[in-house]
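The following exercises are intended for a reader who is new to this structure. Please attempt each task before reading its solution.

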Amino acid sequence: MDVDVIAGNYAAVQERIARAARNAGRDPHDITLVAVTKTWPAEVVLAAYEVGMRHFGENRLEELAPKRQAVEAVLGASSGIVWHFIGTAQSRKTDLVAAYADVFHALDRLKIARRLSAALTTLGRTLPTLLEVNVSGEASKAGFDCSHWEEDTAQQADLLAAATAVAELPGLQLCGLMTMAPWEATPADVQTVFRRTRLLADWLQQRLPQARLPQIAWSHLSMGMTDDFELAVAEGATLVRVGRALFGERQE
Ligand SMILES: *Cc1c(COP(=O)(O)O)cnc(C)c1O
């Protein structure tokens, strides 16, 4: 892939993020662009690095591990790259998350959290982690069920209990929520899901026992992809996960 094309796409996406941030009265620097390189080879990561990108997102561990190794073989281990694992982790693969992810966006079960924390403790690492929440209620979506969180006190209690349990695990640093927009939805409906996710994050932050658990670093909201990252920025996203707008359509 041509470095000049990637550079042009990168500038355009950055400009769109900055404009959406300014329109919402936000500082563009508060938004981190996570370049989603899934299905693209390590050469594409290296080209993106060359034009200035530093945050990369992968959704399959089978791909993250060798790609990170290939990139580090060229750039070394202290290139400044931050690797975001944005996919669902299966419990038998938590060792790979612990070894290869720098940020984990999609924690959706306590069983995974416990295994991951144990693996991280063995490695002597802590992993900034976001809980994935299913706010749209689509059955195909992963994440804690928060489809009716505003009025469903059982959903509220479940999420608060899960977040507290995660925050108590020594290997994980709880730092926010992640969500996926509904697939076939109008921009207005997508924006509503993002807004409800932000309100949920605020609701949770007020109730987490942060005085007792100072390791909580509540600061992130991961939402928005190629088709909707401007709506996500308008609603408070701090991490946007963008693939196709940077690298073009994936082949797979
Ligand atoms: C693929 C993927 C993205 C990026 O999607 P684009 O439409 O290419 O921007 C973002 N988040 C997750 C979880 C993904 O799997």
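A molecule is said to sit in a pocket if more than half of its atoms lie within 2 Å of the grid points of that pocket. The model shown is predicted.

**Exercise 1.** Determine where the ligand sits and which residues are around the ligand.

*Solution.* Step 1: apply the criterion above to the ligand; the ligand sits in the largest pocket.
Step 2: list the neighbours. The residues around the ligand include Val36, Lys38, Asn59, Ile86, Met180 and Met225. Thr226, Arg241, Val242, Gly243, Arg244 and Arg250 also belong to this set.
Step 3: sort the shell by class, which gives 5 nonpolar, 3 polar and 4 charged residues.

**Exercise 2.** Identify side chains that place an N or O atom within 3.5 Å of a ligand oxygen atom, and state what share of the ligand's area the protein buries.

*Solution.* Step 1: consider threonine 226, where an N or O atom of the side chain is 2.5 Å from an oxygen atom of the ligand.
Step 2: for lysine 38, the corresponding separation from a ligand oxygen is 2.7 Å.
Step 3: for arginine 244, a side-chain N or O atom is 2.9 Å from an oxygen atom of the ligand.
Step 4: turn to the area. The ligand taken alone exposes 390 Å², and the protein buries 93% of that.

**Exercise 3.** Describe the setting of arginine 244: in which helix does this residue lie, and is arginine 244 buried, partly exposed or exposed?

*Solution.* Step 1: locate the residue; arginine 244 lies in helix α9, which comprises residues 244–247.
Step 2: compare its relative accessible area of 25% with the limits. Partly exposed residues fall between 20% and 50%, so arginine 244 is partly exposed.
Step 3: relate the residue to the chain. Its C-alpha atom is separated by 8.9 Å from that of threonine 37, although the two are 207 residues apart along the chain.

**Exercise 4.** Explain why valine 13 is classed as buried, and give its distance from alanine 245.

*Solution.* Step 1: place valine 13 in helix α1, residues 3–23.
Step 2: valine 13 is buried because its relative accessible area is 2%, and the class requires a value under 20%.
Step 3: the C-alpha atoms of valine 13 and alanine 245 are 7.1 Å from each other, with these positions 232 residues apart along the chain.

**Exercise 5.** State what is notable about the phi angle of threonine 39.

*Solution.* Step 1: most residues other than glycine have a negative phi.
Step 2: threonine 39 has a positive phi of about 75 degrees although it is not a glycine.
Step 3: threonine 39 lies in the loop between β1 (32–36) and α2 (42–50).

Definitions and conventions:
Residues numbered from 1 in each chain as written. Predicted model: local features only at pLDDT ≥ 70, side-chain atom pairs only at ≥ 80, totals over all residues. Heavy atoms only, no water. Near = heavy atom within 4 Å. Polar contact = N/O pair within 3.5 Å; in protein donor to acceptor, adjacent residues only side chain to side chain. Areas by Shrake-Rupley, 256 points an atom, 1.4 Å probe, with all protein chains shown as cover. 1 Å grid on protein atoms, 1.4 Å probe; cavity = no way out; pocket = protein on both sides within 12 Å on 5 of 7 lines; lining within 4 Å. Nonpolar A, V, L, I, M, F, W, Y, C, P; charged D, E, K, R; others polar. Helix = DSSP H or I, 4+ residues; strand = E, 2+ residues; numbered from the N terminus. Buried < 20%, exposed > 50% of the residue type's maximum accessible area, 1.4 Å probe, protein only.
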